[in-house]
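Visitor: I should be grateful for a close look at one part of this structure, in terms that a first-year student can follow. Please continue from that part to whatever else you consider worth examining.

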Amino acid sequence: MDHFNAKILALSILLPMSGASSGVWAADPTQAIQDEWKFNLKNAYLYRDYANTNAKNFGSWSQGVSLFYTSNLYDTPLVIADKPIRIGADASVQYAVRLSADRHVSDMVLPFDRQTQSQASDYSKYGATLKLGYGKTLLSVGELWLDLPVTTSDASRQLITSYWGSNLKSQISDQLYAELGRVTKVSPRNEDNFHKFSFSSNGKTVYSDGLNYLDLRYQLTPSLKAEYYFGNLEDLYNKHYLGLEHTWKQPTFSLNSKFKYFNAKNDGDNFKIDAQNIGVLEMLKVNNQSFGLGYQQIIGESAYPLPDGFLPELYFINWNATGFFKKNEKSYHLMYGYDFKDYVPGLNAMLKYVYGYDFKTADGVKNHETESNILVNYAFQQPYLKGFAIQYLRVDYKVKHGNDFGEDRLFVNYTKRF
């Protein structure tokens with residue numbers, strides 16, 4: 001699922017939570033926190049149908065129920081330079097049960113046991129976070145909800161990815177926001193426990209003791225912002241990220257421009273990793289219509305690395321079901337969106353087409369691939385249905401040398417905050 005698609009779903013389910021990105025470039029991380037309980041029901045259906053009859057189709061139908069608690073920060077007796085140290089705690093419980101039969105193949109929705117070739121009938125996640133605030137600085141220890149390179153809270157399946165570690169966020173000035181942290185474990189969207197990060201290549205898997213990162217965001221002008229990120233995934237690889245985003249607003253239209261640069265190189269001698277990702281994306285919004293044009297290119301001696309096999313990288317200009325991050329791959333992204341608010345309030349849709357080329361198969365044959373997406377979102381506006389939302393995603397993937405597939409995802413959500 002691409003960045004745009006995943007963000008819509010993640011925002012409807014996950015935010016606001018203390019660890020999640022608010023979308024504000026330089027904002028006091030201690031001021032947006034309020035006491036809140038959030039109850040969520042999510043009915044998720046996913047099915048992928050391969051054109052090759054030798055490939056196993058997969059999918060499931062499941063029901064999830066989650067409860068998130070976000071606490072305010074409360075003054076303690078400890079005072080430094082006339083400012084009290086404040087304290088708070090967050091907690092989460094997520095549970096999902098499979099409603100469909102076991103297809104005996106992994107669908108990246110529910111846990112899958114490769115030894116018994118069976119899918120779990122249900123699974124759960126839970127976590128808690130201790131928060132300490134001082135001035136415009138917030139320290140969080142425990143479960144983290146992150147929206148950063150390498151670590152994104154992916155809500156594109158059933159339960160939501162979360163992380164375990166600690167981080168420190170601070171609004172240093174009106175323009176500069178800084179975050180540094182250490183993440184020791186991840187609980188992916190289709191697993192119930194936290195475990196170490198890993199990376200696999202050529203049949204070899206190595207585990208990391210943790211991810212150390214620094215993220216800096218600077219508001220250069222009211223319309224231009226920049227972000228720099230460095231992450232050291234110990235014994236696996238280092239990642240640098242530089243992003244620029246400019247918004248040009250006019251009375252009749254707005255143009256959003258993004259430039260993204262990633263550089264990943266191995267840390268230690270376990271793997272040979274050398275990959276860069278350069279992406280640009282232009283989004284033009286005119287009244288209720290949105291038009292998008294993007295380009296992404298992978299440069300270097302390897303494919304762009306993802307930890308844990310396929311931990312989503314939602315910071316790409318567009319994250320797709322198939323990624324488009326193979327060695328030397330170039331890809332064009334075309335998008336069109338429409339908000340039906342003047343006709344059916346709460347309804348919006350997006351069409352997307354991606355063409356990737358200049359990469360090769362494992363045996364050296366030149367290859368190309370395409371992916372088409374149809375995304376429809378509807379949030380019920382009727383007072384008695386407030387909190388209900390539906391999202392449908394259709395994916396059609398074609399590749400010259402490989403397996404074509406079609407995929408349907410349907411999510412029915414109910415969210416209640418109190």
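Guide: The largest nonpolar core in this predicted model has 31 residues. Within this core, the residues with the most contacts are Tyr163, Val183, Phe197 and Tyr304. Several strands contribute to the core: S10, S13 (211-221), S14 (224-233), S15 (237-249) and S16 (253-266) each supply at least two of its residues. A second core, separate from this one, has 17 residues, including Tyr50, Val109, Leu110 and Ala321.

Let us look closely at one member of the largest core, tyrosine 304. Which residues does tyrosine 304 contact, leaving aside its neighbours within four places in sequence? Some of its partners are nonpolar or aromatic in name, among them Phe262, Ala264, Ala275, Ile298, Phe316 and Phe325. The list also holds Lys239, Asn263, Gln276, Asn277 and Glu313. One of these partners, Lys239, has a number that falls within strand S15 (237-249). Phe262, Asn263 and Ala264 have numbers that fall within strand S16 (253-266).

Strand S10, which supplies at least two residues of the core, leads to the next part of the picture. S10 (residues 176-187) runs antiparallel to strand S9, and 10 bridges join the two. The connection between S9 and S10 is a hairpin of four residues. As one example of how the two strands face each other, lysine 169 stands opposite glutamate 179 in S10. Strand S9 has another partner as well: S8 (residues 137-144) and S9 pair in the antiparallel sense over eight bridges. Here valine 141 has serine 166 of S9 as its bridge partner. Is S9 enclosed or open to its surroundings? Seven of the 10 residues of S9 (residues 162-171) are buried, so this strand is largely enclosed by the rest of the structure.

Valine 141 deserves a closer look. It is placed in strand S8 and is partly exposed, with a relative accessible area of 41%. Not counting residues up to four places away in sequence, valine 141 touches Ala128, Thr129, Leu130, Gly165 and Ser166. Serine 166 is therefore both a contact and the bridge partner of valine 141. Another of these contacts, threonine 129, is 12 residues away in sequence, while the C-alpha atoms of the two residues are 5.5 Å apart in space.

Valine 141 also belongs to a nonpolar patch on the surface, together with Tyr74, Ile87, Leu130, Leu132, Leu139, Leu168, Leu180 and Leu214. Together these residues have about 680 Å² of accessible area. Strands S7 (122-134) and S8 each supply at least two residues of the patch. Leucine 139 is likewise placed in S8, and it is partly exposed at 31% relative accessible area.

The charged side chains offer a further view. How many salt bridges does a search of the whole structure find? The search finds 15. In one of them, glutamate 407 is joined to arginine 48, with the closest N and O atoms 2.5 Å apart. Glutamate 407 lies in strand S23 (residues 405-417) and arginine 48 in strand S1 (residues 36-50), so this pair ties together parts that are 359 residues apart in sequence. Both partners lie under the 20% limit for a buried residue: glutamate 407 has 1% relative accessibility, and arginine 48 has a relative accessible area of 11%. Arg409 joins Arg48 and Glu407 in a network of salt bridges.

Two further salt bridges can be set beside this one. Aspartate 215 pairs with arginine 217, the closest N and O atoms being 2.8 Å apart, and both residues are buried. Arginine 394 pairs with aspartate 396, again with the closest N and O atoms 2.8 Å apart. In this second case arginine 394 is partly exposed, at 22% relative accessible area, and aspartate 396 is partly exposed as well, at 29%.

The numbers of arginine 394 and aspartate 396 fall within strand S22 (residues 388-399). S22 runs antiparallel to strand S21, and 11 bridges join them; glutamate 369 stands opposite valine 399 in S22. S21 (residues 366-379) also pairs with S20 (residues 347-360) in the antiparallel sense, over 13 bridges. In that pairing, alanine 349 has valine 376 of S21 as its bridge partner. The hairpin of S20 and S21 has five residues between the strands, and glycine 364 there takes a positive phi near 90 degrees.

How values were computed: Residues are numbered from 1 along each chain as its sequence is written. This is a predicted model: local features need pLDDT of at least 70, side-chain atom pairs count only at pLDDT 80 or more; totals for chains, interfaces and linings use all residues. Side-chain values use heavy atoms; hydrogens and water are left out. A salt bridge is a side-chain nitrogen of Lys or Arg within 4 Å of a carboxyl oxygen of Asp or Glu. Buried means under 20% relative accessible area, exposed over 50%, partly exposed in between (1.4 Å probe, protein chains only). Two strands pair if DSSP finds at least two bridges between them. Patches are made of residues with over 30% relative accessible area and no salt bridge: like charges are joined within 9 Å, nonpolar side chains (Val, Leu, Ile, Met, Phe, Trp, Tyr) within 5 Å. Accessible areas come from the Shrake-Rupley method with a 1.4 Å probe; for residues, only the protein chains shown count as cover. A nonpolar core is a set of buried Ala, Val, Leu, Ile, Met, Phe, Trp, Tyr and Cys residues joined through side-chain atoms within 4.5 Å. Contact means heavy atoms within 4.5 Å.
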